Every structure is written in C-alpha cells, then in structure tokens.
Amino acid sequence: MLALTELGQRLRQERESKGLSLEDLQKLTKIQKRYLLGIEEGNYEVMPGKFYVRAFIKQYCEAIGLDTDAIFEEYKSDIPSTQTEDMPQQLSRVRSRKEIPQHTKGVSKVYDYLPTVLVVAGVVVVGIIIWVIAQNIVSDKNKEQANQEAPNSEVQQSNTQEETNETTAKNDNSKSEDEQSAADKKEKEKAAKEKAEKEKAEKEKKDSGKQEYKEVQKTGRSATYALSGTDAFNLEVTSTQADTWLDVKNGKGNAFFSSILKKGETKEFDLTKETEARVNIGYSPGVELKVNGKAVDLPFDSSKQVRQVVTIQYQPAEAQ
C-alpha cells in the first residue's frame, strides 16, 4: 500500500471530520471511488492524465469545503503540473501531398463525362415538355366536367354548410358548458386549499404559543432537546449552502431518511407518533431545522462543529 502524501492526509482528515465516507464523496463529486482513493494515497498513476489529477483534486476540495487556491499553493509540490503537447508536424505534410493531385484528377474526370451529361440533360428536358402538355390536356377535361356538375355541387354545398353551422353551434354550447364546469371545479379546489392552509396556519399558531423546545444536555458533537406543550411533532430539514449527509431515525433506530440532502432541498417528517427522533447532520453549515413550522437553532457553531447530532424527545400535550 502506498504511503499517504501530506496533501492526501489533509484531505482524508477533512473528509472524515465531516462524517463523509468515500462512497458519500463519490455521490457528491461524481468521481469514481478509486480515483478519490488515489488522490488520498498520492497514487496519481491510476488517473487518466495530469489534467484530470488537478481537476479531481479541485472537485474534492470544493465538496468538503476547502479553499482550492490555498490548497494548490500550499501543496504544489504534491500536485503534478500540466503542459501543452505540440501537434505532430506530419499532419501538414500529409495534407499538402494529397490536395494538389486530387484537384487535378477531379478536373480531368469532369471533361471525360461531359458528353454523357449533356445527353442525359437533353432527355430530361424532352420528358418535362411532354409532361407539361399532358397536364394541360387533363386540366381542360377536368374543367369541362366541373362545369357540368356545378349546379348539383352548389345544392350539396348549401346543405353541407347548414349542417356544419348546426354542428358548430352545438359544439360551441358544449364547449361553453365544459369550460363553466371546469371553472367551477377549479374555484372549489382553490377554496378548499385556502381553507386547509388557513386551518393549518391557525393550528400551528395555536401550538407554537404553548410549545416548548428546551435543551436537556450537550456532549461532544451531540445534544438532546425536549419538545412539549404541543400535540404535533413535524420536523423540516433544509440545506441552503451545499449538499450534506442526513440521517433521521426514531428512538428504536428505524430510519425515515438516510441519504444525501442536496443544496436547496427540504425534507419534511411527521413524527407525531414517535417519542424520540435522532437527526445526524454530516455538514451543518447552511442547514436549517424547523419544529412545527418554527425555526430552531442548531446546538453548536457550525464553523467549529461541522458534524452535529440532534436528539429530540417528544411528549404530547395531551399526555402531560
């Protein structure tokens, strides 16, 4: 096994301090795990090329929140530099040898086939003239037949127009009724939605007035809180700055969510039937928690404690 470079040790320590495994980092960066391991071990031979080494290290640093420029400057002796390769000179020589002979051969072939081309063009012109004459004859016959059928056609057209007008009127009435029905349905759905939102807001307001969220204890990177004075336990977790690992379980260890929470994404959990919930946050900067619609602070300063574990013990108001 290769010895870790100073850069590889630094990156591995930062990753582990944020509670991320190589699999988690692979999901965040879309870089294969074997390349990430090669960066940590300083084994750049597994990379497709020097350019990819620098690009992968940059993505690795951004994923774990490190200043890329500072890292590249501090560990420039561990990171290979790239250089532009010269284009092979043979390419221009091959092109110059091919261009002139091909051009000369092309002109010669045109003159060889010129008589044949002229003959074919003459045949095509004669064919077009014959086709135009035939079309004029057919057109004259069609006009005579149309003049003979005109009276009957006018009567049929009149009847057809009346039927079309009746059908159009029926369709317009049917369409008007359908549009009115759709409008009434939409209005009812809107009223029902507004009523449900109003009831929810009133319930949250009522619960928040007597809801208590108190700290019980803190130790290491974990903290415990007690939630009381409410008949609901709804939890919202939002990541606003970067992707983070999120794990939410109840007191029995059953998981509600255990995956990457992407930047800008919000997850909601109805934990009213639970007595305890454990929230494990892998990268806490920019993560917001809400309990029953009310924002609550994380127990530790996220700039000092990146990974945080919050346990919430819930006691319904009716049980108190």
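**Entry 1: the end of α3**

I started just past α3, where G42 takes a positive phi of about 70°. Note to self: this is a predicted model, so everything below is read off a prediction.

Then I went back into the helix itself. Which residues of α3 are buried? I get Y35, L36, G38, I39, E40 and E41. I also looked up what lies over them, and the cover includes α1, α2 and α4.

I picked I39 for a closer look. Setting aside neighbours within four places in sequence, I find I39 in contact with G8, L11, Y44, M47, F56, I57 and Y60.

**Entry 2: the cores**

I39 turned up again when I checked the nonpolar cores. The largest one has 25 residues, and I39 is among those with the most contacts inside it, along with L7, L11, I57, Y60 and I64. I listed the elements that give two or more residues to this core: α1 (6-17), α2 (22-29), α3 (33-41), α4 (50-63) and α5 (68-74). Which of them gives the most? That is α4, with five residues.

Apart from this core I found another, of 24 residues. F233, L235, L246 and V310 are among its members.

**Entry 3: the second largest pocket**

Next I looked for open space. Rolling a probe the size of a water molecule over the atoms shows where empty space is left. I chose the second largest pocket, which has a volume of about 200 Å³.

I wrote down the lining: L28, T29, Q59, E62, A63, G65, Q241, A242, D243, K263 and Y283. Two elements, α2 and α4, give two or more residues to it. The largest share, three residues, comes from α4. So far α4 has come up as the top contributor to the largest core and to this lining.

How does the lining split by class? I count four nonpolar, four polar and three charged residues.

**Entry 4: strand β10 and its partners**

I moved on to β10, residues 308-314. Six of its seven residues are buried, so I put the strand down as largely enclosed by the rest of the structure. V310, noted above in the 24-residue core, falls within the range of β10.

I then checked the pairing of β10. Strand β2 (residues 222-228) is joined to β10 by six bridges, and the two run parallel. Strand β7 (residues 276-281) is also joined to β10 by six bridges, but that pair runs antiparallel.

T311 is a handy marker in β10. From the β2 side, T224 has T311 as its bridge partner. From the β7 side, R278 stands opposite T311.

**Entry 5: T224**

I stayed with T224, which is found in strand β2. Buried or exposed? T224 has 11% relative accessibility and the cut-off for buried is under 20%, so I log it as buried.

I listed its contacts too, again leaving out neighbours within four places in sequence. T224 is in contact with K214, E215, V216, Q217, T311 and Q313. T311 is thus on my page both as a contact of T224 and as its bridge partner in β10.

**Entry 6: the whole protein**

Last, I stepped back for overall numbers. I have six helices and 10 strands for the secondary structure. Of the 320 residues in the protein, 26% are buried. I also looked at contacts between residues at least 6 apart in sequence, and 64% of those join residues at least 24 apart.

Definitions and conventions. Residues are numbered from 1 along each chain as its sequence is written. This is a predicted model: local features need pLDDT of at least 70, side-chain atom pairs count only at pLDDT 80 or more; totals for chains, interfaces and linings use all residues. Side-chain values use heavy atoms; hydrogens and water are left out. A nonpolar core is a set of buried Ala, Val, Leu, Ile, Met, Phe, Trp, Tyr and Cys residues joined through side-chain atoms within 4.5 Å. Buried means under 20% relative accessible area, exposed over 50%, partly exposed in between (1.4 Å probe, protein chains only). Helices (H or I, at least four residues) and strands (E, at least two) are DSSP runs, numbered from the N terminus. Contact means heavy atoms within 4.5 Å. On a 1 Å grid over the protein atoms alone, a cavity is a set of points where a 1.4 Å probe fits but cannot get out, and a pocket is an open set with protein on both sides within 12 Å along at least five of seven lines; lining residues have an atom within 4 Å of a point. Grid points are joined across faces, edges and corners, and a volume is the space filled by probe spheres set on the points. Ala, Val, Leu, Ile, Met, Phe, Trp, Tyr, Cys and Pro count as nonpolar, Asp, Glu, Lys and Arg as charged, and the others, Gly among them, as polar. Two strands pair if DSSP finds at least two bridges between them.
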